[in-house]
Structures are given as structure tokens and as C-alpha cells.
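This briefing covers a single protein chain. It goes from overall form to cores and then to selected residues.

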Amino acid sequence: MNERYTEMAGRLIVALDYPDADQASALLQQLEGIPCYMKVGMQLYYAAGPAFVRNLKTRGYKVFLDLKMHDIPNTVKGGAESITRLGVDMFNVHAAGGKDMMEAALQGVDKALQSDPSLSKPLVIAVTQLTSTGQEMLNREIGIPGTVKDAVIRYAKLTQAAGLDGVVASAQESGDIAAACGSDFVTVTPGIRPAGSDQGDQKRVLTPGNAIRNGSSYIVVGRPITMAEKPREAAEQIIKEMMGA
């Protein structure tokens with residue numbers, strides 16, 4: 001396993017979008033040995049709970065807990081404290097919750113770390129606009145004027161001002177975010193689709209190689225791996241494409 005492979009595998013986040021732990025565990029067996037991140041979202045977390053996250057950590061995986069917290073600051077502070085105690089490596093909030101809410105998330109992290117110094121500080125990132133959001137939805141339904149890119153950059157700057165590590169955004173905006181917030185500001189990009197795969201409900205998509213070339217720190221891939229006939233081959237092919245970027 002060469003250094004370039006390990007680096008790119010570590011920037012691949014596999015979305016375990018399953019309804020229960022058994023199905024997720026079946027995929028883990030097929031991906032055994034690939035040093036990628038694992039993403040636990042709402043569906044799996046609400047079904048399998050903290051125990052599944054702890055199991056992933058025991059197996060040596062880095063974990064992105066994707067619960068997209070969006071609530072009053074005190075509630076998010078408490079949620080962030082609990083999440084940090086779980087030992088996850090990354091979690092997210094909604095930038096739309098505002099600066100005070102995002103700062104409260106960091107306070108929750110600090111409280112957990114102060115009470116248990118053995119814990120590691122997770123990356124805390126904020127969702128800018130979902131990759132299922134298109135221009136018409138943004139303007140007419142959500143009520144935000146301007147382009148999607150304008151909204152994403154505004155939220156990215158707000159997230160950085162709040163002290164968070166980075167944002168969730170489309171890979172199409174990674175370069176613009178880096179230009180606005182610096183190359184050290186983390187971009188986690190869902191909506192990744194290998195060439196020829198089904199776009200599904202995603203609107204703003206890029207291939208794995210193009211996402212890396214555009215400056216994405218991490219790419220999130222779900223269905224192209226989880227619904228593939230041979231998930232391990234699909235994951236390896238994506239890592240290979242990332243390596244060639």
C-alpha cells in the first residue's frame with residue numbers, strides 16, 4: 001500500500017447510508033483493509049445509535065458523524081459535547097444556524113475535551129447548501145437571492161469567522177471556497193459521481209478526479225459504492241481516479 005494510495009483513500013469518505021447495522025456491517029466486510037473514512041448519517045445513526053459509531057472506531061476507521069445539527073446555540077453546544085465524547089473524527093452543523101450557534105458547537109467540543117483529555121479534537125464543519133439544492137430552489141423556495149455559489153461562499157466565510165475547520169459544499173465550489181477562505185480551510189464534498197453513473201437526486205456533481213483537481217479536501221461517495229455489484233472494486237476504482245488527479 002503506497003503513500004499516495006493511503007493519502008487518497010484517507011480522503012475518501014464512504015457514506016454508510018443503510019437502514020440498519022447489519023447491512024452497513026456487510027459493506028464494511030467487503031471494504032476491509034481500505035483505509036478510508038466512514039460516514040454515519042441520520043438513517044443509520046437513528047437506527048443503530050452510538051454503539052455503531054464506537055464499533056467503527058474500534059475497527060480503526062475514522063468517522064464522520066453527519067447529523068447536520070441546526071438548533072438554538074445551547075442545544076447545539078450540548079449535542080457537540082456528546083458527539084465529541086463518542087470519539088468521532090468529524091461532525092457537522094448547518095451554517096444557516098448562524099455564527100453564535102456554530103461557536104456554541106465549538107464550546108461543546110471544548111467542554112468534552114476538558115473533562116476527558118484522552119479525547120481527540122474532531123473537525124467541526126458546517127453545511128453551506130445541500131448538493132440537492134439548485135438555483136430555482138435556492139431563490140424561490142429557500143428565499144435566498146443570488147447564485148448558489150454566492151450563497152455557499154457567504155456561508156463559508158461566516159463559518160470561518162465562527163472558527164470552524166471547514167464546510168460541506170459541492171465540489172464545484174471547492175476552488176472558490178479555497179480562494180475566499182484559504183487552502184487550509186477544509187472542504188468536504190458530497191455529490192460525487194464517477195463518470196457514467198446515475199446522478200440520482202444530486203444537482204451539483206463532479207467526478208472523483210475532478211473534485212480532487214478542484215481542491216476538495218475530502219469526497220463523500222455513497223450509492224456508487226454501496227449500490228455497486230462489487231463495492232470493493234468500485235471503491236478501489238474511485239481511489240485510483242483520485243490518485244490520477
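## Overall form

With 245 residues, a compact globule would be expected to have a radius of gyration near 18 Å, and the chain, at 17 Å, agrees with that. The model is predicted. Its secondary structure consists of 11 helices and eight strands.

- The C-alpha trace spans about 45 × 45 × 35 Å along the principal axes of the chain.
- Of the 245 residues, 51% are buried.
- Among contacts with a separation of 6 or more, 68% join residues that lie 24 or more positions apart.

**Surface and charge**

- About 11,000 Å² of the chain is exposed, and carbon and sulfur atoms supply 48% of this area.
- The chain carries 25 positive and 27 negative charges, and the mean positions of the two sets are 2 Å apart.

**Nonpolar cores**

- The largest nonpolar core has 70 residues, of which Leu 12, Leu 16, Leu 65, Phe 91 and Val 93 touch the most other members.
- Helix α5, residues 99-115, gives the most to this core, contributing seven residues.
- A second core, separate from the largest, has 12 residues, including Met 90, Ile 125, Val 186 and Tyr 218.

**Contacts of Leu 16**

- Beyond its neighbours within four places in sequence, Leu 16 is in contact with Leu 27, Leu 28, Met 38, Lys 39, Leu 44, Phe 52 and Leu 56.
- Two of these partners, Met 38 and Leu 44, are described next.

**Met 38 in strand β2**

- Met 38 belongs to strand β2, which covers residues 37-41.
- Met 38 counts as buried because its relative accessible area is 0%, under the 20% cut-off.
- Leaving out residues up to four places away in sequence, Met 38 touches Ile 13, Val 14, Leu 16, Leu 28, Leu 31, Leu 56, Tyr 61, Lys 62, Val 63 and Phe 64.
- Between Met 38 and Val 53, which are 15 residues apart along the chain, the C-alpha separation is 9.5 Å.

**Leu 44 in helix α3**

- Leu 44 sits in helix α3, residues 42-58.
- The relative accessible area of Leu 44 is 1%, so this residue is buried.
- Neighbours within four places aside, the contacts of Leu 44 are Leu 16, Tyr 18, Asp 20, Ala 21, Ala 24, Gly 49 and Phe 52.
- One of these contacts, Tyr 18, is 26 residues from Leu 44 in sequence, with 5.6 Å between the two C-alpha atoms.

**Lys 68 in strand β3**

- Lys 68 is part of strand β3, residues 62-69.
- Lys 68 is not a glycine, yet its phi is positive, near 50°.
- With a relative accessible area of 23%, Lys 68 is classed as partly exposed, because that class lies between the 20% limit for buried and the 50% limit for exposed.

**Asp 176 in helix α8**

- Asp 176 is placed in helix α8, residues 174-181.
- Asp 176 has 30% relative accessibility and therefore counts as partly exposed.
- Apart from neighbours within four places in sequence, Asp 176 is in contact with Lys 149 and Ile 153.
- The C-alpha atoms of Asp 176 and Ile 142 are separated by 22 Å, and the two residues are 34 residues apart along the chain.

Note on methods:
Residues are numbered from 1 along each chain as its sequence is written. This is a predicted model: local features need pLDDT of at least 70, side-chain atom pairs count only at pLDDT 80 or more; totals for chains, interfaces and linings use all residues. Side-chain values use heavy atoms; hydrogens and water are left out. Helices (H or I, at least four residues) and strands (E, at least two) are DSSP runs, numbered from the N terminus. The radius of gyration is taken over C-alpha atoms; the globule rule is 2.2 Å times the number of residues to the power 0.38. Buried means under 20% relative accessible area, exposed over 50%, partly exposed in between (1.4 Å probe, protein chains only). Contact means heavy atoms within 4.5 Å. Accessible areas come from the Shrake-Rupley method with a 1.4 Å probe; for residues, only the protein chains shown count as cover. Lys and Arg count as positive and Asp and Glu as negative; His and the chain ends are not counted. The place of a charge is taken as NZ of Lys, CZ of Arg, CG of Asp or CD of Glu. A nonpolar core is a set of buried Ala, Val, Leu, Ile, Met, Phe, Trp, Tyr and Cys residues joined through side-chain atoms within 4.5 Å.
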